[in-house]
Amino acid sequence: MSLVLRVDGPRWRAHLHGVAERFPGLVPVAKGNGYGFGLARLARRAQWLGVDTVAVGLYEELPHVHQRFDGDLLVLSPWRPHAAAPADLGVDEGRVVHSVGRLTDLAALAEHGRAHGHRPRVVLERITSMLRHGMTDDELAEAAATVRQGGVRLEGVALHLPLPPPRAGHATPSHVREVEQLLAGPGLAAVLATTDRPRVWVSHLDDTELETLALRHPGVGWRPRVGTSLWLGERAALRVTATVLDAHAVQRGDAYGYRQRTAPRRGTVLVVSGGTSHGVGLEAPTGQGTLKARAATLARGSLDAAGFVRSPYVVGGKHRLFAEPPHMQVSMLFLPHGAPVPEVGEEIEVRLRYTTTAFDRVEVT
Ligand SMILES: *Cc1c(COP(=O)(O)O)cnc(C)c1O
């Protein structure tokens, strides 16, 4: 009995098409757990969308994608000398675009290519306010010199920006401002000048920001790398269900579970599918964190005062409490007397983070 991600296919596909239309040059990102869908499914979807490039997070993810999508494969995590080589992973090096965030790595990658008889394709990462990876403008100026020596093939510059800032009225959004400040750097300009097809790969710009940039910088090919708002942008098309596996009526004081805890009052122990192996149980406990709030809760004799933690399972329209910490593949919930008790075999809704959940099955209608 399983934890299932159910997808309203027509609605999801219409959304994917809509995003592809609003984001010309779209590069779908397929990484991690494939945003809940799995990498293989996202690779096939990208093929169906007709894009020319898919981005993966890690080199190790390339083998999951390369036979299901036939375009270019951008690796988002920056190349390092110890990175797995695409050829060793069974992936055609010619399709792979490496991200490079340090000058020393650029030289090392060019050297690696020379040693193996190819010219690696590279996107040079410019450091942004994210402060994750990338080179300063001065370093990009040096990188431009390395690129001109011909050891690598330049595919553009990458800017990984923070999540969208709040927008005030019609003021110029600050993503645009930051991008333009970075673009104005002589080092970045020198890098783009090495190619007759200057491209800038960006993350976390919205469609209006990209439209603004495209109008103001028509010479640049903008390549938005989008994951969450593409795959998970239409929440109404997605639903997660677990199955009720068992239900046991308990009286106050009855023991249950691995820890032989006792029921704080009369109710039902509900056994449902989904456990730690699916990522269930990484949720935060109930919001009432302050001592005062906890004292008030205790006074009311409520269940979380007994150490019960809010679960992502919804029964009768309410998040229910874990009766004890989730097991590997099932969880035990406590339903107080009076709450509706679903039938064994019934499906119940679960509200989980898609990017941290391993579903047993994805069903697309
Ligand atoms: C993961 C990632 C993305 C996609 O992020 P979402 O928030 O899922 O759209 C884009 N760029 C980089 C560099 C990333 O690592």
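Which residue of β13 is the bridge partner of His248? In this predicted model, that partner is Val269. The pair belongs to a longer run of contacts along the strands: β10, which spans residues 238-250, lines up with β13 in the antiparallel sense, and six bridges hold the two together on paper. Strand β13 itself covers residues 267-273. On β13 there is also pairing with β16 (residues 330-336), again antiparallel, this time over seven bridges. Here Val272 can be picked out, with Ser331 in β16 as its bridge partner. So β13 has antiparallel pairings with both β10 and β16, by the DSSP bridge criterion. As for exposure, the strand is mostly covered, and seven of its seven residues come out as buried.

Elsewhere in the model there is an open sheet of eight strands, with parallel pairing. Reading across it, the order goes β2-β9-β8-β7-β6-β5-β4-β3. The edges are taken by β2 (27-28) and β3 (53-56). Each of these has a single partner strand, so one side of each is left without a neighbour in the sheet.

Within that order, β4 sits beside β5. Strand β4 is made of residues 72-75 and β5 of residues 96-100; the two run parallel and are joined by three bridges. One residue pair to look at here is Leu73 with its bridge partner in β5, Val96. Helix α4 (residues 103-116) packs on the sheet, where it touches β5 and β6 (121-126). The direction of α4 makes about 150° with that of β5.

Two loop residues deserve a quick look for their backbone angles. Most residues other than glycine have a negative phi. Tyr35 is not a glycine, yet its phi is positive, at about 55°. Tyr35 is found in the loop between β2 and α2 (39-49). With a relative accessibility of 7%, Tyr35 counts as buried, because the cut-off for that label is under 20%.

Gln260 is the other case: not a glycine either, it has a positive phi of about 50°. Its loop is the one between β11 (255-256) and β12 (261-262). Is Gln260 buried or exposed? At 51% relative accessibility, Gln260 counts as exposed, since that label applies over 50%. The two residues thus both have a positive phi, but Tyr35 is buried whereas Gln260 is exposed.

Notes
Residues numbered from 1 in each chain as written. Predicted model: local features only at pLDDT ≥ 70, side-chain atom pairs only at ≥ 80, totals over all residues. Heavy atoms only, no water. Buried < 20%, exposed > 50% of the residue type's maximum accessible area, 1.4 Å probe, protein only. Helix = DSSP H or I, 4+ residues; strand = E, 2+ residues; numbered from the N terminus. Contact = heavy atoms within 4.5 Å. Axes fitted to C-alpha atoms, helices over the stretch in contact; angles between N-to-C directions.
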